[in-house]
Amino acid sequence: MDFDPNAASTAGSGLFGLPCGPESAHVHVLGVPFEATTSYRPGTANAPVAVLAASRQVDLFDLHFGKPYEHGLWMGPLDPRFGAWDREARRLAGPIIERGGAGPGDEDAVARIDALGDAVRTEVTNFTKERLDEGRLPVILGGDHSTPLGAIEACASRFPGLGVLQFDAHADLRPSFEGFKWSHASVMYNALHGPAEIAGLMQVGVRDLCEQEHDLIQGDARVRTLFGHELAAARHGAGTRALARASISELPEHVYLSLDVDGLDPGLCPSTGTPVPGGLGWDEVTIWLEELAASDRRVVGLDLNEVSPGPAGDPDGSSWDAIVGARLLYRMIGAALA
Ligand SMILES: [Mn+2]
């Protein structure tokens, strides 16, 4: 093949400007443009298109993880069903969210929204199962944080005793939110209480949660939460690298990596749905990924979610959010392959 990894990519090329097809690619990325229960600022459904476009600008040589592209990275065309399900669910959920959550008379709409969320979950589960059976690395590109639930569940049933490493401003441990079972704010609650139980959940960067979630963290021995102020203390004291190494050593052998971009400083994701001040810096999250790669833990699946180029979309990938999202996705894949 006449592919030159040092050259600029062409407009119609694949993910990260690569020419490879699905057969030769070890990494398969599924775009899931779904954000039905987004409670605040919409836009993450535009992320798969925007991040794909921005990915063509990412330099393929990574100072930290070398040449992830050599393994073959591929993202298929978007499944139009996700878009159709997203539009239908958003049309039904909009007025309910506007009123502050479901109430009497909303039963039919909530049932339909939950059914559509469950359809996304089933599709993501099937995608992940297939790729794990083929020995590939499955990657989910949301959408909001509800989108990777099926991937976490598939990895947990394939690798019993799975640990999840979650970067997030929020705990996402509500039993349901605004009446919706498959809410973005419930993804880790659903993962912990679903059919395939996970052995451990390490949350990094949490700085916005409700009392019920706080109680759940205190009461479930599987959950370990590093709050934003603990990260700040490490940054200014013993050091981020020591905290990252010690925390990752608490995870089981098989790890699923779930990164909600709002776990990072909002300067890196200004358009995301529910931004919170504080969070991990770019170099800081890189240190965490380096320590994960250097550990003897194995990343069996991963997702990047809540990237939003803004409500208007971003087909050419020139928004700051999409640029950061594409670079972060490449670095996460690099860490998983290292
Ligand atoms: Mn989240």
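Are the residues on the two faces of strand E1 buried or exposed? In this predicted model, Val 27, Val 29 and Gly 31 on one side of E1 are buried, and so are His 28, Leu 30 and Val 32 on the other, which leaves both faces covered. In a regular strand, side chains point to the two faces of the sheet in alternation. Strand E1 spans residues 27–32, and 6 of its 6 residues are buried. Buried here means that 20 or more other C-beta atoms lie within 10 Å of the residue's own C-beta.

The partners of E1 come next. Strand E2, residues 73–75, pairs with E1 in the parallel sense through 3 bridges. Within this pairing, Trp 74 of E2 stands opposite His 28. Strand E3, residues 137–142, also runs parallel to E1, and 6 bridges join the two. Here Val 32 has Gly 142 of E3 as its bridge partner.

These strands belong to an open sheet of 8 strands with parallel pairing, in the order E2-E1-E3-E8-E7-E4-E5-E6. E2 and strand E6 (223–227) each have a single partner strand, so they stand at the edges and one side of each lacks a neighbour in the sheet. On average, neighbouring strands of the sheet are turned by 15° against each other, direction ignored. Elsewhere in the sheet, strand E7 (residues 254–260) pairs with strand E8 (residues 298–305) in the parallel sense over 7 bridges. One residue of this pairing is Ser 258, whose bridge partner in E8 is Asp 303.

Helices pack on this sheet, among them helix H7, residues 228–236. H7 touches strand E5 (200–206) and E6, and its direction makes about 60° with that of E6.

Helix H1 brings the account back to E1. Together with E1 and E2, H1 (residues 47–55) makes a β-α-β unit, and this unit is right-handed. H1 lies across E1, E2 and E3, and runs at about 115° to E3.

How many of the residues of H1 are buried? The count is 8 of 9, so the helix is mostly covered by the criterion of 20 or more neighbouring C-beta atoms within 10 Å. The buried residues of H1 are Ala 47, Pro 48, Ala 50, Val 51, Leu 52, Ala 53, Ala 54 and Ser 55. What covers these residues includes the strands E1, E2 and E3, and also helix H10 (320–337).

Technical notes. Residues numbered from 1 in each chain as written. Predicted model: local features only at pLDDT ≥ 70, side-chain atom pairs only at ≥ 80, totals over all residues. Buried ≥ 20, exposed ≤ 12 C-beta atoms within 10 Å, placed from the backbone. Helix = DSSP H or I, 4+ residues; strand = E, 2+ residues; numbered from the N terminus. Pairing = 2+ DSSP bridges. Right-handed = clockwise from strand over helix to strand, strands pointing away. Axes fitted to C-alpha atoms, helices over the stretch in contact; angles between N-to-C directions. Contact = placed C-beta atoms within 7 Å.
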